[in-house]
Amino acid sequence: AAVALVGAAILTVSAMAAVAPGTYKGHLYAGATKIAGSPATVVVAGTKVTITVPKFPVKCLAPTGAYTQPGAPQKYVWKGTLKGTKVSGNYINPLGGTGEFFTAKGTFTPASKSFAGTLSFTGQCRGTAAVKAKKA
């Protein structure tokens, strides 16, 4: 019985490996293809996470009624809280007021010090991209 308890304790500790604080740098992807000129930065400070992309690609409403018309890249900023190794949720810029919001859903992998997820922007224009980043 004591051996089982020690084994369970070791599993619990390794499963709860902490996300390393600091800056993770990477890029946006459309499928497996890197989107040119789209660096992404993920900053972890305690349980607070900030994701920024200076030029997030978006599509705007076309005359057909679909979001297919290329739009000017948007500055993407998402702020949220780390829950274990995951981030998920919407972020509305407090200075916004235009109904635009940012969504992020992703997972940190402590063993490889990396982050992968999906980012999206919803407003007058819309966009979604995958993000992959490694600790700098």
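The legends below accompany an overview and several close-up views of a predicted model of one protein chain.

**Figure 1. Overview of the predicted chain, with its one helix and ten strands.** Read along the sequence, the elements follow the pattern α-β-β-β-β-β-β-β-β-β-β, and buried residues make up 29% of the 136 residues in the chain. Among the contacts with a separation of 6 or more, 42% are accounted for by residues 24 or more positions apart. The accessible surface of the chain comes to about 8,100 Å², and carbon and sulfur atoms hold 64% of that area. The pLDDT of the chain averages 88, and 87% of the residues score at least 70. Over residues 2-15, however, the pLDDT is below 50, and this stretch has zero contacts in the model beyond near neighbours in sequence; the placement of this part should accordingly be read with the confidence score in mind.

**Figure 2. Close-up of the largest nonpolar core, a set of 29 residues.** The members that touch the most other members are Val 49, Ile 51, Phe 56, Tyr 76, Trp 78, Phe 108 and Leu 119. At least two residues of this core are supplied by each of the strands S1, S2 (33-45), S3 (48-56), S6 (74-81), S7 (86-91), S8, S9 and S10 (125-135).

**Figure 3. Close-up of Tyr 76 and its surroundings.** Tyr 76 has a relative accessibility of 0% and therefore counts as buried. Not counting residues up to four places away in sequence, Tyr 76 touches Ile 51, Thr 52, Val 53, Phe 56, Phe 102, Thr 103, Ala 104, Leu 119 and Ser 120. One of these residues, Ser 120, is placed in strand S9 and counts as buried because its relative accessibility is 16%, a value under the 20% cut-off. With its neighbours within four places in sequence left aside, Ser 120 is in contact with Phe 56, Tyr 76, Phe 101, Phe 102, Thr 103, Gly 127 and Thr 128.

**Figure 4. Close-up of aromatic ring pairs, of which the count comes to five.** Tyr 76 and Phe 102 form an edge-to-face pair, with 5.1 Å from centre to centre and 80 degrees between the planes. This pair links distant parts of the chain, since Tyr 76 belongs to strand S6 and Phe 102 to strand S8, 26 residues apart. Phe 102 counts as buried, at 7% relative accessibility. In the pair formed by Phe 108 and Phe 115, the ring centres are 4.6 Å apart and the planes stand at 45 degrees, so this pair is tilted; Phe 108 and Phe 115 are both buried. Ring pairs also link Phe 56, Tyr 76, Phe 102 and Phe 121 into a cluster.

**Figure 5. Close-up of the disulfide between Cys 60 and Cys 125.** A search of the whole structure finds one disulfide, and in this bond the sulfur atoms of Cys 60 and Cys 125 are 1.8 Å apart. The pair links distant parts of the chain, with Cys 60 in strand S4 (residues 59-61) and Cys 125 in strand S10, 65 residues apart. The torsion about the S-S bond of Cys 60 and Cys 125 is about 90 degrees, so the disulfide is right-handed. Both Cys 60 and Cys 125 are buried.

**Figure 6. Close-up of the loop that holds Pro 21, between helix H1 (2-15) and strand S1 (22-30).** Pro 21 has a relative accessible area of 54% and is therefore exposed, a class that begins over 50%. Even so, when its neighbours within four places in sequence are left aside, Pro 21 is in contact with Val 44 and Lys 135. The C-alpha atoms of Pro 21 and Ala 45 are separated by 5.5 Å, although these residues lie 24 residues apart along the chain.

**Figure 7. Close-up of Lys 113, in the loop between strand S8 (101-109) and strand S9 (114-122).** Lys 113 is not a glycine, yet it has a positive phi of about 50 degrees. With a relative accessibility of 44%, Lys 113 counts as partly exposed, because that value falls between the 20% that limits the buried class and the 50% beyond which a residue is exposed.

Methods. Residues numbered from 1 in each chain as written. Predicted model: local features only at pLDDT ≥ 70, side-chain atom pairs only at ≥ 80, totals over all residues. Heavy atoms only, no water. Helix = DSSP H or I, 4+ residues; strand = E, 2+ residues; numbered from the N terminus. Buried < 20%, exposed > 50% of the residue type's maximum accessible area, 1.4 Å probe, protein only. Contact = heavy atoms within 4.5 Å. Areas by Shrake-Rupley, 256 points an atom, 1.4 Å probe, with all protein chains shown as cover. Core = buried A, V, L, I, M, F, W, Y, C linked by side-chain atoms within 4.5 Å. Disulfide = S-S within 2.5 Å. pLDDT = per-residue confidence, 0-100. Phe/Tyr/Trp six-rings, centres within 6.5 Å; stacked < 30°, edge-to-face > 60°.
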